[in-house]
Structure formats: C-alpha cells, structure tokens
Amino acid sequence: MDDLKAKPETQETYQLPIATGERERERLSVQDQMWRILFGGLNPPELHEAINARLAVRDGPPPAVLDVGCGSGGWAIEMGSLYSQAQILGVDLVIHQNLHAPPNVQFKQLDITQGVPPASGGYAIIHARLVTGHLKDPAAFIRAAHAELAPGGLIILADGYKSLWGDKTEPLPLIPGIHDPEDAPPTGSWWAGWSDFWFKTGYTHYRRVASLINEQPGLSLMFQQRYLVPLHEFDEEKEQQRLGAISKSNMIKFCHNSMDSFLATGQFTRTQIDEWIKLIENELETKRLYTPWEVACGVKLS
C-alpha cells in the first residue's frame, strides 16, 4: 500500500522539504538511528526516571503518550514495546504503511496545527522531535500541547541548531551556494551555507526548544541539553565513528530531499544545486565537522 500523502495546502502551514515517500522514509529511519546512538537508547538517560514514573502501571485509564511528527514510527513503536501498559498514538502528515506495531500503538494521519487530539485524563507524555522548527507558529502548538497534558505530564522537544562547528569550541563560517569554489574561504563550510539558507527559507519561524517551553505559562523547564554530533568518521572511538557515519548519511539525504525546496525559491539553477551538493559531500568526507542538536523537556505544573 502506498504511503498516505500530505495535502498540498499543508505547505502553507508547515515549512517542509518537498520530498515524501520511500526516499524520505529512508532518511527518517537513518535519523532515528542517530538519536538512539546519541542517547544510548530511546530517550536521554536523564529523563528515564521521569518517563518511568509517568508510565508506571496504576489503577484507572492507561497512561497516554502522543508522538507528534512520528516519521518512521520507530520511537512510538519502541515506546509501545517498552511500556505495554501505555497507549501510544503517533501522528504525522504522512503515515508510512506496513508498520509492525504492538497492539497498544496506533498511527493517525493528522495536521497538528488543526488541534492536538485529546486523551482521556490528558497525556502523560507528548513527544515532538524535529517538529517545532517546521511550524509557522510553534508557540501555538506548545499552547495546544500544554492544554492536553495531564498535570505533571511531560513535553519532550528536540530540534536542530543553526550553526555548524569545525571543532567543539566555535562555529564555522558559512559558504553560500552561489560562491565560486575557487574563491571560497578555506575555513568556511558548504554545509553551513546550505543549513543557513534552509533556516532562512524553510525554518524561518525557528525557535529554540527550551525557549518555547520557558515562554509557555504553566510549563516548567526540567531538562535541556545540547549535543554536538559528528558529521565525519575520523573519531577514534567506534561508537562516535558510527554516529558520524549515520549523521553524515542523514545530512546528505536531507540535502537531496530538500533540493526541490531550494529550486522553488528561484534563487538557484539545478546545475548550481547539484554542484553545491557535490561540494558538501566532499566536505563531509574530508573535514572534521559537528552539528548541534538540542533537547528540552518541560513538566506541566499542577
């Protein structure tokens, strides 16, 4: 069965790469692997105790979990396997078919800007990874999510960060895609230029996830962490090499999947875009680069 497709008008509400289908599903699966290695498991270890407490077996309705922008479905499926007493709902604009989920996990095609689906007694956890940056009004989503959380419930957010790092101390300057390669500064980055253009045209309403939680009345920030993820395979530690290989693959797939969005701006030709991606691919093979990701968790005050 084909994947359910997002409606064209959602591009007016969301800021998304145009690519869908098998190519995008493959990228999302790779991205799931990156998060697992980064956390050493399904979620940040600092949140394990809080998650376990909210999903513990108790009398009354089972605890409810909402995975917004569920992508490949991997997080929702594994959460359902780990917490069989919980009811997990994964929602996205596109729901991939043939997902082998346990009976306590359901998926639904849904536009989250039209409202957060309610749960009896409220959600114990709302999880939204790489969602808020795609929304033209991320604060409205946080307000709606807060309204559907149970008292003491958690909202877990994750998103990328604008800069690219050449080491673990400072960001790299960017090289725009229209720059002549022969004149490009040696310390700059073609990927940083691509990322910067994406933030300016596709992530124009980007807000840091911790700020979104801090600014919502009734939510208290309980955890935030920035992770510097390698985009190379030069580290001596094998797990970092694996993380670098997966992250690099994810970024290259993202470039290919977002090229139509870049072309749609009318600022580049296809030849320029193809050359830009080749320069990025070469850069990721030859330079030691890191990209930042951020995770934040808030708790709903009683």
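Here a colleague and a modeller talk through a predicted model.

Colleague: Let's start broad. How many helices and strands does the chain have?

Modeller: The chain has eight helices and seven strands. Of its 302 residues, 53% count as buried. The accessible surface comes to about 13900 Å², and carbon and sulfur atoms own 50% of that.

Colleague: And what share of the contacts joins residues at least 24 apart?

Modeller: That would be 73%, taken among contacts between residues at least 6 apart in sequence.

Colleague: On to Asp159. Why is Asp159 called buried?

Modeller: Buried means under 20% relative accessible area. Asp159 comes out at 2%, so the label applies. You'll find Asp159 in strand E5, residues 149-160.

Colleague: What makes the link between Asp159 and Gly133 a polar contact?

Modeller: A polar atom of the Asp159 side chain lies 3.0 Å from the backbone nitrogen of Gly133. The cut-off for such a pair is 3.5 Å, so 3.0 Å passes. Leaving aside neighbours within four places in sequence, Asp159 also touches other residues, among them Leu130, Tyr203, Tyr206 and Trp293.

Colleague: Val131 next. Where is Val131 found?

Modeller: Look in the loop between strand E4 (123-129) and helix H4 (138-148).

Colleague: Why does Val131 count as buried?

Modeller: Its relative accessibility is 7%; the limit is 20%, so Val131 qualifies. Beyond its neighbours within four places in sequence, Val131 is in contact with Val68, Gly69 and Ala158. Asp92 sits 39 residues from Val131 in sequence, and their C-alpha atoms are 9.8 Å apart in space.

Colleague: Now helix H8. How do you know that the span of H8 agrees with its 17 residues?

Modeller: At 1.5 Å a residue, residues 270-286 should span 24 Å. The end C-alpha atoms are 25 Å apart, so the two values agree.

Colleague: Which residues of H8 are buried?

Modeller: Ile273, Trp276, Ile277, Leu279, Ile280, Glu283 and Leu284.

Colleague: What makes you say they line one face of the helix?

Modeller: Look down the axis of H8: the buried residues fall within an arc of 160°, so they line one face. As for the general background, an α-helix has 3.6 residues a turn, so residues three or four places apart point the same way. On the other side of H8, Thr271, Lys278 and Thr286 are exposed. The cover over the buried residues of H8 includes helix H5 (190-201) and helix H7 (238-264).

Colleague: How many aromatic pairs does a search of the whole structure find?

Modeller: It finds 13. One of them is Trp194 with Phe262.

Colleague: Why is the pair of Trp194 and Phe262 called stacked?

Modeller: The ring centres are 4.1 Å apart and the planes 20° apart. Pairing needs centres within 6.5 Å and stacking needs planes under 30 degrees apart, so the pair is stacked. The partners come from distant parts of the chain: Trp194 is in helix H5, Phe262 in helix H7, 68 residues apart. Trp194 is buried, at a relative accessible area of 0%, and Phe262 is buried, also at 0%.

Colleague: Why is the pair of Phe268 and Trp276 called tilted, then?

Modeller: Its planes are 50° apart, with 5.3 Å centre to centre. Under 30 degrees is stacked and over 60 is edge-to-face, so 50° leaves tilted. Phe268 is buried at 10% relative accessibility, and Trp276 is buried at 1%.

Colleague: Which residues do ring pairs link into a cluster?

Modeller: Trp194, Phe197, Phe262, Phe268 and Trp276.

Note on methods. Residues are numbered from 1 along each chain as its sequence is written. This is a predicted model: local features need pLDDT of at least 70, side-chain atom pairs count only at pLDDT 80 or more; totals for chains, interfaces and linings use all residues. Side-chain values use heavy atoms; hydrogens and water are left out. Helices (H or I, at least four residues) and strands (E, at least two) are DSSP runs, numbered from the N terminus. Buried means under 20% relative accessible area, exposed over 50%, partly exposed in between (1.4 Å probe, protein chains only). Contact means heavy atoms within 4.5 Å. Accessible areas come from the Shrake-Rupley method with a 1.4 Å probe; for residues, only the protein chains shown count as cover. A polar contact is a pair of N or O atoms within 3.5 Å; within protein, one must be able to donate a hydrogen and the other to accept it, and residues adjacent in sequence count only if both atoms are side-chain atoms. The expected span of a helix is 1.5 Å times one less than its number of residues. The arc is that of the directions from the helix axis to the C-beta atoms. Rings of Phe, Tyr and Trp (its six-membered ring) pair if their centres lie within 6.5 Å; planes under 30 degrees apart count as stacked, over 60 as edge-to-face and the rest as tilted.
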